[in-house]
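Here are a few exercises to work through with the model open beside you. Try each one yourself before reading its solution.

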Amino acid sequence: MTKQLTFGQRCGRALKHLRGTPATARQAFPERTLKAIETAIGDGEAMHQAEVRLIVEAALTPGMAYQGVSNRERARELFAQYGVWDTEDNVGVLIYINLAEHQVDIVADRNVGRRITPEQWQAVCRAMTQGFKDSNYHDSTLDALQQLNSLLQSHFPATGPRDNQLPNEAIVL
């Protein structure tokens, strides 16, 4: 649901997002961090049956920010756009990071969503956002991925080799 904001709040939010650029995202998530994320996702998927995607977005477009598009709405849009929902066993998980607002949302396909509680998802998100406050994007993201992989392994343990249905590389928008 789009958040209802005053005119001043909408303008302020749009300006905050206007300052976010691809360079901002690359500074927070340099190549070394992106490679480490890719490895962590691949290592995790060897331990569990879920498919994980991570998307970092420097900022919403000023128009989206002005209209009050929520982090959750944007995460759901990207979940669909990048086909995270399209896994054989409905086990796709999207981690969406909005740098402009230092917010993280996780959207999970229905099979995963039935087994993991909102509190467990929130703990993974908090692992990232607490580190983000200190500009510690590398370690906090990897710690959260480790936490997520353990959680997924407890509910969806690997049963042997399988095809990788979604790329492991993080996407930076």
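Let's fix one term before starting: buried means under 20% relative accessible area, exposed means over 50%, and partly exposed is in between (1.4 Å probe, protein chains only). This is a predicted model, where local features need pLDDT of at least 70, side-chain atom pairs count only at pLDDT 80 or more, and totals for chains, interfaces and linings use all residues. Residues are numbered from 1 along each chain as its sequence is written, and side-chain values use heavy atoms, leaving out hydrogens and water.

**Exercise 1. Classify the ring pairs that involve Phe132 with Phe29 and with Tyr137.**

Step 1: get the rule straight. Rings of Phe, Tyr and Trp (its six-membered ring) pair if their centres lie within 6.5 Å; planes under 30 degrees apart are stacked, over 60 edge-to-face, and the rest tilted. The rule gives 4 aromatic pairs.

Step 2: take Phe29 and Phe132. Their ring centres are 6.4 Å apart and the planes sit at 90°, so call this pair edge-to-face.

Step 3: place that pair in the chain. Helices (H or I, at least four residues) and strands (E, at least two) are DSSP runs, numbered from the N terminus. Phe29 is in the loop between α2 (22-28) and α3 (31-47), while Phe132 belongs to helix α7 (residues 118-132), so the pair ties together parts 103 residues apart in sequence.

Step 4: now Phe132 with Tyr137. Here the centres are 4.8 Å apart and the planes at 40°, so the pair is tilted.

Step 5: check the burial. Phe132 has 0% relative accessibility and counts as buried; Tyr137, with a relative accessible area of 11%, is buried as well. Phe29 is buried too. Put together, Phe29, Phe132 and Tyr137 make one aromatic cluster.

**Exercise 2. Find the residues with the most contacts inside the largest nonpolar core, and the element that gives the most to it.**

Step 1: define the core. It's a set of buried Ala, Val, Leu, Ile, Met, Phe, Trp, Tyr and Cys residues joined through side-chain atoms within 4.5 Å.

Step 2: list the top residues. The largest core has 34 residues, and Phe29, Ile95, Ile97, Leu148 and Leu152 have the most contacts inside it.

Step 3: go through the elements. Two or more residues come from each of α2, α3, β1 (51-57), β2, β3, α7 and α8. The top contributor is α8, with 6 residues.

Step 4: look at Leu152. Contact means heavy atoms within 4.5 Å. Not counting residues up to four places away in sequence, Leu152 touches His48, Ala50, Val52, Val93, Val112, Ile116 and Pro157.

**Exercise 3. Which two loop residues, His102 and Ser135, have a positive phi, and how exposed is each?**

Step 1: recall the background. Most residues other than glycine have a negative phi.

Step 2: start with His102. Its phi is near 50°, a positive value, and it lies in the loop between β2 (92-98) and β3 (103-108). With a relative accessible area of 33%, His102 is partly exposed.

Step 3: move on to Ser135. Its phi is near 60°, again positive, and it's in the loop between α7 and α8 (137-155). At 53% relative accessibility, Ser135 counts as exposed.
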